[in-house]
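Biologist: I should like to go through the terms used for this structure and hear how each one is justified. Please set the values against the cut-offs as we proceed.

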Amino acid sequence: MTPLAVVMMIIAMVTVWGGLVAGVINLARHPEVAEAEPEPPAEL
Amino acid sequence: MPSATTQSTRREAFGSRNVFILSAIGSAVGLGNIWRFPYVAYEGGGGAFLIPYLCALLTAGIPLLFFDYAIGHRFRGSSPLAFRRMHRAAEPLGWWQVLICVVIATYYAVIIAWAAMYTWFSAQISWGAGNENDFFFTDFLQMGDVKHGISTTFVPQVGYPLIAVWVVVVIIMALGVKRGIGRANVVLMPLLTVMFAALVVQSLFLPGAVDGLNAFFTPNWKALADPGVWASAYGHIFFSLSVAFGIMVTYSSYLKRKTDLTGSGLVVAFANSGFEILAGIGVFAALGFMAQAQGTDVAHTATAGIGLAFVAFPTIVSQATGGSIIGVLFFGALVFAGITSLISVLEVVVAALQDKLGWGRVRTTLVVSIPVALISIAMFSTTTALAVLDTTDAFINAFGIMAVALVAVILVAWILHRLPVLRDHLNRRSSFTVGWFWMLLVGALAPVVLGYLFVSEIIAKIDAPYGGYPGWFLSIFGWGMVISLVVLAILLSLLPWSRRSRAKDDPEYDDFLVEEAYAPDAETGAVRIPDAAGRADATMKGVRS
């Protein structure tokens, strides 16, 4: 691959996959709170 | 325990936040990520396309995704009910989205059926090397000319797999949100990721793969000066994230009350884009191989859509060593990505009817899915299927999805002034807070971009008959179809909601409004006191209609 194409590929991967990793880390830091809601119904 | 045919007292829900996120990714990652994005990016300047693409993702895709989540979660209903609860006059928008989903479901299913057959064909290279194009159009689809009218000739190799796809999907839908949709996504999404990763790795080892990646990533900076490239980036993000046609409203209405909406949305949006980048690498590596094998350059082999999946990929499968494995992985990925998207499209319809009629899950699913399946089988298992599919898809994208999104943002932002309500709802439970900038993006940038795209679509489709199809054909399956959806949506919103429907009887929604200290709903009846120390004042304000 040409150096320019490699650089663009790396930038694309870092921004998009980096965004995904950052999103997952952010979510892991805010775990789901247990709620006072009753269990969802059995669905049929 | 509720019986199969009566209204269960509580709204269905996803098992957990992670199941919701997987399901939302399953919905967003569809055929478009695999067969549309790579070519759109290549055409739009290769590596340079990343700039308009990221701009579109951050300024339109994610803000509109939050917009949908906020509507579904705040008003806790399928799209007609959620819009009705926002304002009585907004209900037709919800039905319009439901009808758009009916149309999309009918043709989306047949592409899954084709891909399923091609998974099987790939294993034995049934098309015969060099015969890929004729095999698809002549032998497989037995394509006829629409000039002679709509065909009623049943094509068994398409029809039977299509019936099988519908049986599988109806079973998933009938099992409900948690056990059907949730579980299907929990199984299929990791499987899809592993299969696609394996496909990409194998494509990268093909000779010529590097040429493909060079073509895909080498930036053409001049493209950035072309407004058309920016429009195609916004258009692509918009379709890719499946925003604004009811899916995300419906899915987020199944979330628990305290869920982190924006935090989840960011993961969904970046996972969807992450998958697209992966698809771009896999598809272009394979196209690079094909170009080398044919002694031409990638510009001549690059293509999108049905031509990429059912002509170019079979060619690659015939020519590559280990091609059958590539074929099975590629078409299998299309099937799984398609099924997880199709169930989300159908859920918009099932949820709407469940809310409207107050029926149970199984009964509603059968009453909704069987007619949709029959229309799908009648229209798309015949020899004129491809022309109908092509036209319906082009018109529903431009004058269905894009039009309803445009009307929705204008109505909610400028006429009903509900953006501050939605912003506050998002911020009360989310890790990533939004403010005036989000309202600006949804209320100002989105209408401008969508308006531009919408007007250019109208001009393009009036200028020349779409796809060179005959006038009568386009007036029925193109213009007639999209206009009739709007008329039908208005008629559906005039039908009264029965006392058993969720609009009139939804104690859970009343509890939610009390808990959040929101104003009581005008229709759902007196707000019940949640506990002994309950807020009696909220109860007093309840209005029984």
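Biologist: Why is the contact between B:Glu515 and B:Lys258 called a salt bridge?

Modeller: In this predicted model, the side chains of B:Glu515 and B:Lys258 come to 3.5 Å, N to O. The term requires a side-chain nitrogen of Lys or Arg within 4 Å of a carboxyl oxygen of Asp or Glu, so the pair qualifies. B:Glu515 belongs to helix α22 (residues 507–515) of chain B, while B:Lys258 sits in the loop between α12 (247–252) and α13 (261–293) of chain B, so parts 257 residues apart in sequence are tied together.

Biologist: What makes B:Glu515 partly exposed?

Modeller: Its relative accessible area is 33%, and partly exposed is the class between under 20% for buried and over 50% for exposed. B:Lys258, at 38% relative accessibility, is partly exposed as well. Shared salt-bridge partners join both residues to B:Arg257, B:Arg428, B:Arg429 and B:Glu516 in one network.

Biologist: How many salt bridges are there over all chains?

Modeller: The count comes to 18 over all chains. One of the pairs is B:Glu12 with B:Arg361, whose closest N and O atoms are 3.1 Å apart. This pair links distant parts of the chain, 349 residues apart: B:Glu12 is in the segment before α1 (17–28) of chain B, and B:Arg361 is in helix α17 (residues 361–380) of chain B.

Biologist: How do you know whether B:Glu12 and B:Arg361 are buried or exposed?

Modeller: Buried means under 20% relative accessible area. B:Glu12 has 8%, so B:Glu12 is buried. B:Arg361 has 2%, so B:Arg361 is buried too.

Biologist: And what is the exposure of the partners B:Arg88 and B:Glu91?

Modeller: B:Arg88 and B:Glu91 form a salt bridge with closest N and O atoms 3.3 Å apart. B:Arg88 is partly exposed because its relative accessible area is 41%, whereas B:Glu91 is buried, at 0%.

Biologist: Why does the span of helix α16 of chain B agree with expectation?

Modeller: Helix α16 (residues 323–357) of chain B has 35 residues and should span 51 Å at 1.5 Å a residue; its end C-alpha atoms are 50 Å apart, so the two values agree. The helix α16(B) nevertheless bends by about 25° at B:Glu347. Just after α16(B), B:Gly358 takes a positive phi of about 70°.

Biologist: What makes α16(B) largely enclosed by the rest of the structure?

Modeller: Of the 35 residues of α16(B), 29 are buried, and therefore the helix is described as largely enclosed.

Biologist: How does helix α9 of chain B fare when its span is set against expectation?

Modeller: Helix α9 (residues 176–204) of chain B has 29 residues and should span 42 Å; the end C-alpha atoms lie 40 Å apart, which agrees. A bend of about 25° occurs in α9(B) at B:Gly182.

Biologist: Why is the pair of B:Tyr118 and B:Phe310 called edge-to-face?

Modeller: The search finds 45 aromatic pairs over all chains. For B:Tyr118 and B:Phe310 the centres are 5.1 Å apart and the planes are at 75°. Rings pair if their centres lie within 6.5 Å, and planes over 60 degrees apart count as edge-to-face, so both conditions are met. B:Tyr118 lies in helix α6 (residues 91–124) of chain B and B:Phe310 in helix α15 (residues 305–319) of chain B, so the pair ties together parts 192 residues apart in sequence. Both B:Tyr118 and B:Phe310 are buried.

Biologist: What makes B:Phe313 and B:Phe330 a stacked pair?

Modeller: The ring centres of B:Phe313 and B:Phe330 are 3.7 Å apart with 5° between the planes; since planes under 30 degrees apart count as stacked, the name applies. B:Phe313 is in helix α15 and B:Phe330 in helix α16 of chain B, so parts 17 residues apart in sequence are tied together. B:Phe313 is buried at 1% relative accessible area, and B:Phe330 is buried at 0%. These four aromatic residues belong to one aromatic cluster, whose members include B:Tyr118, B:Phe310, B:Phe313, B:Phe330 and B:Trp114.

Biologist: Why is B:Ile490 called partly exposed?

Modeller: B:Ile490 has a relative accessible area of 44%, so it falls in the partly exposed class. B:Ile490 is found in helix α21 (residues 471–494) of chain B. A nonpolar surface patch of about 620 Å² includes B:Ile490, and among its other members are B:Ile483, B:Leu491 and B:Leu494.

Notes: Residues are numbered from 1 along each chain as its sequence is written. Chains are lettered from A and ligands numbered from 1 in the order in which they are written. This is a predicted model: local features need pLDDT of at least 70, side-chain atom pairs count only at pLDDT 80 or more; totals for chains, interfaces and linings use all residues. Side-chain values use heavy atoms; hydrogens and water are left out. Patches are made of residues with over 30% relative accessible area and no salt bridge: like charges are joined within 9 Å, nonpolar side chains (Val, Leu, Ile, Met, Phe, Trp, Tyr) within 5 Å. Accessible areas come from the Shrake-Rupley method with a 1.4 Å probe; for residues, only the protein chains shown count as cover. Helices (H or I, at least four residues) and strands (E, at least two) are DSSP runs, numbered from the N terminus. Buried means under 20% relative accessible area, exposed over 50%, partly exposed in between (1.4 Å probe, protein chains only). The expected span of a helix is 1.5 Å times one less than its number of residues. The bend at a residue is the angle between axes fitted to the seven residues ending there and the seven starting there. Rings of Phe, Tyr and Trp (its six-membered ring) pair if their centres lie within 6.5 Å; planes under 30 degrees apart count as stacked, over 60 as edge-to-face and the rest as tilted.
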